Amino acid sequence: MSITTLPEDHPAAGLSDDPVGLTAVDFLHTVCNERQVLAAFDKYVGDRYVQHNPMVPDGREGGIEYLSAVVDSSPDLSYNPKRIATNGDIAMLHAHVAGLS
């Protein structure tokens, strides 16, 4: 699923009008700021999930387990997107992330 607009009060509102970038930034907003890892995966991640962190296994389960642990151990975690760049189906995000434990 991809999205085409964000609510005006969304932290990334106005940064991009590309659905790929908006989808990526909303995924991370849902995980980090709303602390809803499973909801983010259910909404945006398909059956084939490739994790680029070599310490985390590929697949939904590995991503959910890892990101849930990060969120659970970081009560002050926040994600504030600053720039979104896209090229086809690839999104690159620049953000300020704070509160990682």
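Start by selecting phenylalanine 41: with 0% relative accessibility, this residue counts as buried (buried means under 20% relative accessible area, exposed over 50%, and partly exposed in between, using a 1.4 Å probe and protein chains only). What you are looking at is a predicted model, in which local features need pLDDT of at least 70, side-chain atom pairs count only at pLDDT 80 or more, and totals for chains, interfaces and linings use all residues. Residues are numbered from 1 along each chain as its sequence is written, and side-chain values use heavy atoms, with hydrogens and water left out.

Keep phenylalanine 41 on screen and add tyrosine 49. These two rings form an edge-to-face aromatic pair, 5.1 Å centre to centre with 65° between the planes. For the terms, rings of Phe, Tyr and Trp (its six-membered ring) pair if their centres lie within 6.5 Å; planes under 30 degrees apart count as stacked, over 60 as edge-to-face and the rest as tilted. Tyrosine 49 counts as buried, at 17% relative accessibility.

Now add phenylalanine 27, which is buried as well, at 13% relative accessibility. Phe27, Phe41 and Tyr49 together form one aromatic cluster.

How many aromatic pairs does the rule give? The count comes to two. Besides the pair you have seen, phenylalanine 27 and phenylalanine 41 meet edge-to-face, with 5.3 Å between centres and 70° between planes. This pair links distant parts of the chain, since phenylalanine 27 sits in helix α1 and phenylalanine 41 in helix α2, 14 residues apart.

Next, show those helices as a cartoon: α1 covers residues 19-32 and α2 residues 37-44 (helices are DSSP runs of H or I with at least four residues, strands runs of E with at least two, numbered from the N terminus). They pack at an angle of about 155°, their axes 7 Å apart; axes are lines fitted to C-alpha atoms, for helices over the stretch in contact, and angles run from 0 to 180 degrees between N-to-C directions. The two are therefore roughly antiparallel (under 35 degrees is roughly parallel, over 145 roughly antiparallel, 65 to 115 roughly perpendicular and the rest oblique).

To see the contact (heavy atoms within 4.5 Å), select Thr23, Asp26, Phe27, Thr30 and Val31 of α1 with Val37, Ala40, Phe41, Lys43 and Tyr44 of α2.

Last stop: glycine 88, in the loop between β1 (78-87) and β2 (90-98). Glycine 88 counts as exposed, at 57% relative accessibility. Its C-alpha atom is separated by 18 Å from that of phenylalanine 27, 61 residues apart along the chain.
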